[in-house]
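Me: I would like a close look at one part of this model, and then at how its surroundings are built. Could you take me through it step by step?

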Amino acid sequence: PTAGNHTLLSAFVLSGLSSHSELQHLLFFMFCLVYTMTVIGNLLICMATVHPTLHMPMYFFLRVLSFLDISTASIVVPKMLASFLSEDRSISYTGCVTQLYCVIFLATSEWYLLAAMAYDRYVAVCNPLRYTVIMNTRVCLSLVLLSCCSGNVVSVVQTAWVFTLPFCGPRKINYFFCDVPPLILLSCTDTSLYEKQIIIATVLVIFTPFCLILVSYACIISSILKISSAESRYKTFSTCSSHLTVVTLYCTSGTLIYLRPKSGNSQDIKKVVALIYSTIIPTLNPLIYSLRNKEVREVLIRAVVVLMKK
């Protein structure tokens, strides 16, 4: 059906990762393994951080981050896995709207949560005597709620703006899930205004929290340098290194995807970066935090030993 010169789309078609039929089963098993590792790894983090010895704000935030990682992977990967085994790669208009909303909501919430985690580390290092007073339960819950509210506002606005665009011509999305850059490429109208607002949103979502994180770590590093013992300096910084690694991964991938939303010649590159962001990083986060955090590592090892004995 058509309305004027614009096609009224009831569904989109996702191109997926590869058009080579001989690779589909290999990709299915590979990403099925990645998804399984993501779910199991993050569930282990969630279970480990409820241990009595880990009842601290940083582990509460880590538990929320793991939940968001599972959710991000679950929004993207199952649909991608189904496309490997079926020639039907269509996604309904409603399904695309829902997927886009969830992806933006989760990504934005994670960014503001990472800023909250940086603030937590700042208080722990720079104001240790008042840490438990400042980072009380109400403050922690408020920071998580604020992160989710920010994610919801950004997601509602972005999703509404994208789907007010007239989509005409081919309904094939050169991506493996519904995201802003590939969707605006399908529009037959001038999208320069939309591209500018996406860049503004990217600055608000990525660089505003990133600046807060930088300020927090500038204060943290200043405090660490004042510690006389080299061993104490290393121990203090090691508690922050996992968080810095995750921030770097998120910042790099988010910037590459959204700062040039309609650069069509780089869509394949963006597809690879989006794959890393939505599937690989959620898998790496449990490894980063468990391998570099002694307390989490010890709790996980004890849990595995108990399970093996049973």
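Which helices do the buried residues of α5 pack against?

Reply: Happy to. This is a predicted model, in which local features need pLDDT of at least 70 and side-chain atom pairs count only at pLDDT 80 or more, while totals for chains, interfaces and linings use all residues. Residues are numbered from 1 along each chain as its sequence is written, and side-chain values use heavy atoms, with hydrogens and water left out.

The buried residues of α5 pack against α2 (57-85), α3, α6 and α7. Helices here are DSSP runs of H or I with at least four residues, strands are runs of E with at least two, and both are numbered from the N terminus. Helix α5 itself covers residues 137-162. From first to last C-alpha its 26 residues reach 37 Å, close to the 38 Å expected at 1.5 Å a residue; the expected span is 1.5 Å times one less than the number of residues. Its buried residues are C140, V144, S147, S150, G151, S155, Q158, T159 and V162. Buried means under 20% relative accessible area, exposed means over 50%, and partly exposed lies in between (1.4 Å probe, protein chains only).

Now to the partners of α5, starting with α7. This helix runs over residues 192-225, and its 34 residues should span 50 Å; the end C-alpha atoms are 47 Å apart, which agrees. Along the way, α7 has a kink of about 30 degrees at F207, shortly before the proline P209. The bend at a residue is the angle between axes fitted to the seven residues ending there and the seven starting there.

Helix α3 (residues 93-126) brings us to the nonpolar interior, as this helix gives 11 residues to the largest nonpolar core, the most of any contributor. A nonpolar core is a set of buried Ala, Val, Leu, Ile, Met, Phe, Trp, Tyr and Cys residues joined through side-chain atoms within 4.5 Å. The largest one has 44 residues, of which F61, L65, W111, L113, L114, I213 and Y250 touch the most other members. A second, separate core holds 37 residues, including F28, V76, V77 and L186. In soluble globular proteins, nonpolar side chains tend to be buried together.

L65 shows the setting well: outside its neighbours within four places in sequence, L65 is in contact (heavy atoms within 4.5 Å) with E110, L113, L114, M117, Y250, N285 and Y289.

Polar residues have their own story. A search of the whole structure finds 1 salt bridge, where the side chains of D120 and R121 meet at 3.1 Å, N to O. A salt bridge is a side-chain nitrogen of Lys or Arg within 4 Å of a carboxyl oxygen of Asp or Glu. Both D120 and R121 are buried. R121 is also one of the contacts of T239, together with M58, when neighbours of T239 within four places in sequence are set aside. T239 sits in helix α8 (residues 230-258) and counts as partly exposed because its relative accessibility is 33%. Helix α8 has 29 residues and reaches 41 Å from its first C-alpha to its last, close to the 42 Å expected, and a kink of about 35 degrees is centred on C240.

Helix α6 (180-184) leads to D179, which is placed in the loop between β5 (172-173) and that helix. With a relative accessible area of 0%, D179 is buried. Apart from neighbours within four places in sequence, D179 is in contact with L100, I257 and Y258.

Finally, β5 belongs to an open sheet of 3 strands, ordered β4-β3-β5 with mixed pairing. Because β4 (90-92) and β5 stand at the edges, each with a single partner strand, one side of each is left without a neighbour in the sheet. Strand β3 (residues 11-14) pairs with β5 in the parallel sense over 2 bridges, with V13 opposite K172; two strands pair if DSSP finds at least two bridges between them. With β4, β3 pairs in the antiparallel sense over 3 bridges, and A11 has S92 as its bridge partner there.
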